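This report examines one helix and two pockets. Please consult the sequence and the structure shown below.

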Amino acid sequence: MKRGLGELESTIMDRMWARRRPASVREVLEELRQERQIAYTTVMTVMDKLHTKGLLKRRAVGRAYVYEPVASKEAYTADLMRSALAGSGNQAATLVHFLERLTPEETTALEAALQVFPPKGKPPPH
């Protein structure tokens, strides 16, 4: 089963998703330093690990790398959800438990998503 991100990995990915453009380690570091004390090498190591995990792609610019997300936050979250479902053992029971716990807002979002993308094998509603 795919695992979620650690606290610093999650913070860095949230920054990368929010910026919607490539960023160097130094740029991410400067943003993080507005909220906490953190070393350049720590940010560099975490961004390298996120690259190794396939969440960030990078290209060399001079002597440094510029990173950007491979996929959107929504696509990453969907992959986590699918992985959790696949590893659940009983997918139908897991889905029932999931649906029982939806808030009214989440139920509305699910209904809207099913209007846009109906289940496979079923025609879209008219």
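**Helix α1 and the pockets**

At 1.5 Å a residue, helix α1 (residues 7-19), with 13 residues, should span 18 Å, and the 19 Å between its end C-alpha atoms agrees with this; the expected span is 1.5 Å times one less than the number of residues. The model is predicted, so local features need pLDDT of at least 70 and side-chain atom pairs pLDDT 80 or more, while totals for chains, interfaces and linings use all residues. Residues are numbered from 1 along each chain as its sequence is written, and side-chain values use heavy atoms, without hydrogens and water. Helices (H or I, at least four residues) and strands (E, at least two) are DSSP runs numbered from the N terminus.

Among the buried residues of α1 (under 20% relative accessible area, 1.4 Å probe, protein chains only) are Leu8, Ile12, Met16 and Trp17. The buried residues of α1 pack (heavy atoms within 4.5 Å) against elements including α3 (40-52), β3 (64-69) and α4 (73-86). Just after α1, Arg20 has a positive phi of about 60°.

A pocket is an open set of points on a 1 Å grid over the protein atoms alone where a 1.4 Å probe fits, with protein on both sides within 12 Å along at least five of seven lines; lining residues have an atom within 4 Å of a point.

| Pocket | Volume | Lining residues |
|---|---|---|
| Largest | about 940 Å³ | 17 nonpolar, 2 polar, 3 charged |
| Second largest | about 200 Å³ | 5 nonpolar, 1 polar, 5 charged |

Met16, Trp17 and Arg20 are among the residues that line the second largest pocket.

Definitions and conventions. Buried means under 20% relative accessible area, exposed over 50%, partly exposed in between (1.4 Å probe, protein chains only). Grid points are joined across faces, edges and corners, and a volume is the space filled by probe spheres set on the points. Ala, Val, Leu, Ile, Met, Phe, Trp, Tyr, Cys and Pro count as nonpolar, Asp, Glu, Lys and Arg as charged, and the others, Gly among them, as polar.
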